[in-house]
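Here is a short briefing to read alongside the structure. Have the viewer open, and let's start with the overall fold before turning to one helix.

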Amino acid sequence: MDWNQIEGNWDKFKGSIREKWGKFTDDDMAKLKGTKDDLIGRIKHVYGVAKEDAEKQIEEFRASLKHTDKKEEDPRLS
């Protein structure tokens, strides 16, 4: 799944984002507008990591969504 799909379905992914980055408060979530740059900035701020680390975390998150989508599309893969 590419980031444009995540941005386009932002409300659908808010819960998954909150699970992945459990330190995010309601205020943090409200500040996120669905862009990758917003999420990078919020991860950097809340977790105190470098931009590269935040980007790596986002890529891992995106890859996990791709894996989940395949399972939902084809029940034989579960």
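This is a predicted model, and its protein chain has five helices and zero strands. Read from the N terminus, the elements run α-α-α-α-α.

**The chain as a whole**
- The protein chain has 78 residues, and 28% of them count as buried.
- About 5200 Å² of the protein chain is exposed, with 45% of that area supplied by carbon and sulfur atoms.
- If you take the contacts between residues at least 6 apart in sequence, 37% of them join residues at least 24 apart.

**Helix α4: length and end**
- Helix α4 covers residues 36–47, which makes 12 residues.
- From its first C-alpha to its last, α4 reaches 16 Å, close to the 16 Å expected at 1.5 Å a residue.
- Gly48 follows α4, and the phi of Gly48 is positive, near 65 degrees.

**Helix α4: its two sides**
- Which residues of α4 are buried? They are Leu39, Ile40, Arg42 and Ile43; for this purpose, buried means under 20% relative accessible area.
- Looking down the axis of α4, you will find these buried residues within an arc of 165 degrees, so they line one face of the helix.
- A handy reminder for reading such a pattern: an α-helix has 3.6 residues a turn, so residues three or four places apart point the same way.
- Asp37 and His45 are exposed, and they sit on the other side of α4.

Note on methods
Residues are numbered from 1 along each chain as its sequence is written. This is a predicted model: local features need pLDDT of at least 70, side-chain atom pairs count only at pLDDT 80 or more; totals for chains, interfaces and linings use all residues. Side-chain values use heavy atoms; hydrogens and water are left out. Helices (H or I, at least four residues) and strands (E, at least two) are DSSP runs, numbered from the N terminus. The expected span of a helix is 1.5 Å times one less than its number of residues. Buried means under 20% relative accessible area, exposed over 50%, partly exposed in between (1.4 Å probe, protein chains only). The arc is that of the directions from the helix axis to the C-beta atoms. Contact means heavy atoms within 4.5 Å. Accessible areas come from the Shrake-Rupley method with a 1.4 Å probe; for residues, only the protein chains shown count as cover.
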